[in-house]
Amino acid sequence: MTMSDDDILAPRKSRSGGRADATGTQARGPIIDQDGHEIRPETLEQGFREFRFEFGQGSPFGNLTREQRIARIEVIAKLLDVAFILPGTNIRYGIDGLIGLIPVVGDIITTAISLWLVREARALGAPWYLTARMLGNVAVDGVVGMVPFAGDAFDVMFRANMRNVRMLRRWLDKQPRI
């Protein structure tokens, strides 16, 4: 069944005599939250009146556990280095190689993200020698990545972020569980 243009622009009235929403159209059934519980319209309207953002208070990511932080670091490293496969080959690349195609600015952006990953590793308790090796990988990736095209090919093959996550994971695996 397809909808006509008139139905898209002016939806039909509900046959059930349901409630009207803020736009004046009839609701077609109860409003259900993600847990499957019905939300009363009065509660919804009150929630919209009280809805506001508070900037500058707390972390935008919330209080993450150690495992959640490690998982976030791993996901970002995979996105930067190995998220995609070059069609017809087995060569994996990430957005680091794509953003790096933008001269200078792209390499600065990806290096900044890589440095943030090193900072997160340090926040997880990585020792200075591991952090220094991670910074070395980021520096090599950033400096060689500045060379047009050849640097981007190097970014695809070197995968500094995946190396850093692998080093961090090996170090974390050696640590005693608390």
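Arg 69 is partly exposed, with a relative accessible area of 24%, where partly exposed denotes the range between buried (under 20% relative accessible area) and exposed (over 50%), evaluated with a 1.4 Å probe on protein chains only. The model is predicted, so that local features require pLDDT of at least 70 and side-chain atom pairs count only at pLDDT 80 or more, while totals for chains, interfaces and linings use all residues. Residues are numbered from 1 along each chain as its sequence is written, and side-chain values use heavy atoms, with hydrogens and water left out.

Side chains of opposite charge can pair when their charged atoms come close. With a salt bridge taken as a side-chain nitrogen of Lys or Arg within 4 Å of a carboxyl oxygen of Asp or Glu, the count comes to four salt bridges. One of these joins Glu 120 to Arg 69, with the closest N and O atoms 3.6 Å apart; this pair links distant parts of the chain, since Glu 120 belongs to helix 5 (residues 105-123) and Arg 69 to helix 3 (residues 66-81), 51 residues apart. Helices here are DSSP runs of H or I with at least four residues, and strands are runs of E with at least two, both numbered from the N terminus.

Glu 120 also forms a salt bridge with Arg 72, for which the closest N and O atoms are 3.0 Å apart. Because Glu 120 lies in helix 5 and Arg 72 in helix 3, this pair ties together parts that are 48 residues apart in sequence. Both Glu 120, at 3% relative accessible area, and Arg 72, at 16%, are buried. A further salt bridge is formed between Glu 120 and Arg 119, at 2.8 Å from N to O, and Arg 119 is partly exposed at 48%. Arg 69, Arg 72, Arg 119 and Glu 120 are thus linked in a network of salt bridges.

In an unreviewed UniProt entry, the annotation "transmembrane region" covers residues 98-118 and 138-160; such positions are given in the numbering used here, feature names are shortened, and annotations may be inferred rather than shown by experiment. Residues 98-118 are 76% helix and 0% strand, with end C-alpha atoms 21 Å apart, whereas residues 138-160 are 78% helix and 0% strand, with end C-alpha atoms 6 Å apart.
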